[in-house]
Amino acid sequence: MAAQRQYEELARQLSAIGAVKRGLGRGLPHDCPGGSAAVLVLLERHGAMRMSRLAELLAVDMSVTSRHVAHVAEREWIVRDPDPADKRSRILRLTPEGKAKVDELSELSIRTLTHYLHDWTDDEVVQLSTLLARLRDSFGDCRAASARLPDVQTTPETTRTPA
């Protein structure tokens with residue numbers, strides 16, 4: 001297990017990851033903000049699904065998911081078909097225009113990452129990708145009740161905010 005100072009440094013690095021996300025977001029087309037892009041990419045990766053499943057994959061509330069879905073539906077990147085198993089529910093599917101948008105987003109992401117990571121080796125990119133996937137898996141569904149932190153007794157060392 002890592003020492004507390006290593007966790008403190010990790011917390012500082014993770015708090016700074018927002019700059020990386022903003023950098024990637026600046027490369028998105030003006031008509032497709034990050035939340036909309038995430039909806040499209042997840043539908044492309046996982047196939048048609050209910051909005052409840054999409055909310056789970058996004059790890060956000062249904063109201064947030066609904067706003068993102070409305071945005072991409074207005075642009076005809078997805079369709080919301082009735083669910084044959086439950087007519088009250090909808091199945092979200094990519095349209096051909098949505099698939100084309102996913103391809104555009106993928107190309108933009110690759111170009112952005114290639115620009116910023118031009119001096120990284122292939123092994124370093126693979127290592128970062130592997131570790132980030134492992135980190136995400138360790139957190140699991142952060143909305144689940146089981147994801148709540150156990151009660152931790154705070155001391156001056158544990159109440160510091162990351163820099």
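**Stop 1: Val20**

Start by selecting Val20, which counts as partly exposed because its relative accessibility is 46%, between the cut-offs of 20% and 50%. You're looking at a predicted model, by the way. Val20 sits in helix H2, so color residues 17-26 to see the whole of that helix.

Now add Ile17, Leu24 and Leu113 to your selection: together with Val20 they make a nonpolar surface patch of about 300 Å². Which helix gives the largest share of the patch? That's H2, with 3 residues.

**Stop 2: the whole chain**

Zoom out for a moment. The protein chain has 7 helices and 3 strands. If you walk along the sequence, the pattern reads α-α-α-β-α-α-β-β-α-α. Of the 163 residues, 21% count as buried.

Switch on a surface if your viewer has one. The chain exposes about 11,800 Å², and carbon and sulfur atoms supply 55% of that. As for the contacts between residues at least 6 apart in sequence, 53% join residues at least 24 apart.

**Stop 3: helix H1**

Next, select helix H1, residues 4-15. Show the side chains of Glu9 and Arg12, which meet in a salt bridge with an N to O distance of 3.2 Å. Why is about one helical turn between them? Because Glu9 and Arg12 are 3 residues apart in helix H1.

Check how open this pair is. Glu9 is partly exposed, with a relative accessible area of 34%, and Arg12 is partly exposed too, at 30% relative accessibility.

The count for the model comes to 10 salt bridges, and you'll visit some others on this tour.

**Stop 4: the sheet**

Color the strands now: S1 is 49-50, S2 is 78-83 and S3 is residues 86-94. They form an open sheet in the order S1-S3-S2, with antiparallel pairing. S1 and S2 stand at the edges with a single partner strand each, so one side of each has no neighbour in the sheet.

A bit of background: strands of a sheet pair through backbone hydrogen bonds, either parallel or antiparallel.

Look at S1 and S3 together. They run antiparallel and are joined by 2 bridges. Select Met49 and you'll find Leu92 of S3 standing opposite.

Then move over to S2 and S3. How many bridges join S2 to S3? There are 6, and these strands run antiparallel. Pick Ile78 and look for its bridge partner in S3, which is Leu94. Follow the chain from S2 into S3 and you trace a hairpin, with 2 residues between the strands.

While you're here, show the side chains of Asp81 and Arg93. They form a salt bridge, and the closest N and O atoms are 2.9 Å apart. This pair links distant parts of the chain: Asp81 is in strand S2 and Arg93 in strand S3, 12 residues apart. Asp81 is partly exposed at 27% relative accessible area, and Arg93 is partly exposed at 33%.

Now bring in helix H3, residues 34-46. Helix H3 lies across S1, S2 and S3, and runs at about 95° to S3. Try turning the view until you can see that crossing.

**Stop 5: Lys101**

For the last stop, select Lys101 in helix H6, residues 96-116. Is Lys101 buried or exposed? Lys101 counts as buried, because its relative accessibility is 8% and the cut-off is under 20%.

Show what surrounds this lysine. Leaving out residues up to four places away in sequence, Lys101 touches Pro29, Asp31, Cys32, Leu40 and Trp77.

One of those contacts, Asp31, is worth a closer look. Asp31 forms a salt bridge with Lys101, with the closest N and O atoms 3.3 Å apart. The two come from distant parts of the chain: Asp31 is in the loop between H2 and H3, Lys101 is in helix H6, and they are 70 residues apart. Asp31 counts as partly exposed, at 24% relative accessibility, whereas Lys101 is buried.

Finally, add Glu104 to the selection. Asp31, Lys101 and Glu104 are linked in a network of salt bridges.

Key. Residues are numbered from 1 along each chain as its sequence is written. This is a predicted model: local features need pLDDT of at least 70, side-chain atom pairs count only at pLDDT 80 or more; totals for chains, interfaces and linings use all residues. Side-chain values use heavy atoms; hydrogens and water are left out. Helices (H or I, at least four residues) and strands (E, at least two) are DSSP runs, numbered from the N terminus. Buried means under 20% relative accessible area, exposed over 50%, partly exposed in between (1.4 Å probe, protein chains only). Contact means heavy atoms within 4.5 Å. Two strands pair if DSSP finds at least two bridges between them. Axes are lines fitted to C-alpha atoms, for helices over the stretch in contact, and angles run from 0 to 180 degrees between N-to-C directions. Patches are made of residues with over 30% relative accessible area and no salt bridge: like charges are joined within 9 Å, nonpolar side chains (Val, Leu, Ile, Met, Phe, Trp, Tyr) within 5 Å. Accessible areas come from the Shrake-Rupley method with a 1.4 Å probe; for residues, only the protein chains shown count as cover. A salt bridge is a side-chain nitrogen of Lys or Arg within 4 Å of a carboxyl oxygen of Asp or Glu.
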